[in-house]
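Please open the model in your viewer and keep a selection tool at hand. The tour below goes from the chain as a whole to single residues, and each stop begins with something to select.

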Amino acid sequence: MARSKSSQRWLREHFDDQWVTRAQAEGYRSRASFKLIEINDKDKLFRPGMTVLDLGAAPGGWTQVAAKLVGSRGTVVASDILAMDALPDVTFIEGDFREEAVYERIIASLGGRPVDLVMSDMAPNMSGNRAVDLPRAMYLAELALDMAVKVLSPDGRFLVKVFQGEGFDQYRRELQSRFVRVVSRKPAASRPRSSEVYQLGVGLK
């Protein structure tokens, strides 16, 4: 089947992308690793021994970074509806965390530890139709926030990918009602034409 023009453009961008090349050279599973590394450089998300929950983790680019930075004394639990190859010192839960059985497995894997950071790089499969894609993306961001509020420790942090457009301002206001401080980040590894922007909530109220 012939690829669409948008698919062909994505493939050209992907294979010409310096971040893809770097990820392959440095052993990261995706270019997204560099987004998290840059945000961490600015906001000091990670410290040894902390507990992290990574939602929508596959293929594991963010999970790799988190596991390395929290070290062997830390805890990283990752979850996705897609399968993900195992990573050392990471507990992976495959399934939809909206389902009670999956949610309970995640909670059990946290072992009663207060979660210091919930992070979500989730995005729907984009159709190219913003009227369809934006609501779907915002829904995932809302699900991630709901989970974060349930499991974060007091003063915990929440990092989430959202897309600018309809619903963005309302979502940001919701974050501001839940966290002491909310900052926006647009890492260099984000594609310039992408409307994605990362929101970091600091200090769960």
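With the whole protein chain coloured by secondary structure, you should find 7 helices and 7 strands, which follow one another along the sequence in the pattern α-α-α-β-α-β-β-α-β-α-β-α-β-β. This is a predicted model, and the values quoted on the way are computed from it. Of the 205 residues of the chain, 50% count as buried, while the surface that the chain exposes comes to about 10,700 Å², with carbon and sulfur atoms supplying 50% of it. Among the contacts with a separation of 6 or more, 63% are between residues 24 or more positions apart.

**The cores**

Next select Leu-53, Ile-106, Val-118, Phe-158 and Tyr-171, the residues with the most contacts inside the largest nonpolar core, which has 31 residues. Which elements give two or more residues to this core? They are strand 1 (51-55), helix 5 (100-110), strand 4 (115-120), helix 6, strand 5, helix 7, strand 6 and strand 7. Helix 6 gives the most, with 9 residues. Apart from this core lies another, of 28 residues, and to locate that one you can select Leu-45, Val-52, Val-65 and Ala-66, which are among its members.

**Leu-45**

Stay with Leu-45, which is found in the loop between helix 3 (32-43) and strand 1. Is Leu-45 buried or exposed? At 3% relative accessibility, Leu-45 counts as buried, because the limit for that class is under 20%. If you leave aside the neighbours within four places in sequence, Leu-45 is in contact with Leu-36, Ile-39, Asn-40, Met-50, Leu-117, Arg-157, Leu-159 and Leu-200. A distance drawn from the C-alpha atom of Leu-45 to that of Phe-158 should read 9.5 Å, although the two residues are 113 residues apart along the chain.

**Helix 7**

Now select helix 7 (residues 168-178) and show its side chains. The buried residues of this helix are Phe-168, Tyr-171 and Leu-175. They cover an arc of only 65° around the axis, and they therefore lie on the same side of helix 7. What covers these buried residues includes helix 6 (130-151), strand 5, strand 6 and strand 7. Turn the view to the face of helix 7 that points away from its buried side, and you will come upon the exposed residues Asp-169, Gln-170 and Arg-173.

**Aromatic rings**

How many aromatic pairs does the model hold? The count comes to 2 aromatic pairs. For one of them, select Trp-62 and Tyr-198, whose rings form a tilted pair, 5.6 Å centre to centre and with 40° between the planes. Trp-62 lies in helix 4 (residues 61-70) and Tyr-198 in strand 7 (residues 196-204), so this pair ties together parts that are 136 residues apart in sequence. Both Trp-62 and Tyr-198 are buried.

Then select Phe-158 and Phe-179, which form a stacked pair at 6.2 Å centre to centre, with 15° between the planes. This pair, too, links distant parts of the chain, since Phe-158 belongs to strand 5 (residues 152-163) and Phe-179 to strand 6 (residues 179-185), 21 residues apart. Phe-158 and Phe-179 are both buried.

One further ring deserves a selection, that of Tyr-103, for the charged end of Lys-150 sits over it, 5.3 Å from the ring centre.

**Backbone details**

For the last stops, hide the side chains and follow the backbone. Go to the peptide bond from Ala-58 to Pro-59, which is cis, with omega near 5°; Pro-59 is found in the loop between strand 1 and helix 4.

Select Asp-89 next, in the loop between strand 2 (75-80) and strand 3 (90-94). Its phi is near 65°, a positive value in a residue other than glycine, and at 64% relative accessibility Asp-89 counts as exposed.

Where does Asp-155 lie? Asp-155 lies in strand 5, and this residue has a positive phi of about 70° although it is not a glycine. With a relative accessible area of 59%, Asp-155 is exposed.

Note on methods
Residues numbered from 1 in each chain as written. Predicted model: local features only at pLDDT ≥ 70, side-chain atom pairs only at ≥ 80, totals over all residues. Heavy atoms only, no water. Phe/Tyr/Trp six-rings, centres within 6.5 Å; stacked < 30°, edge-to-face > 60°. Helix = DSSP H or I, 4+ residues; strand = E, 2+ residues; numbered from the N terminus. Buried < 20%, exposed > 50% of the residue type's maximum accessible area, 1.4 Å probe, protein only. Lys NZ or Arg CZ within 6 Å of the ring centre and 35° of its normal. Arc of directions from axis to C-beta. Contact = heavy atoms within 4.5 Å. Core = buried A, V, L, I, M, F, W, Y, C linked by side-chain atoms within 4.5 Å. Areas by Shrake-Rupley, 256 points an atom, 1.4 Å probe, with all protein chains shown as cover.
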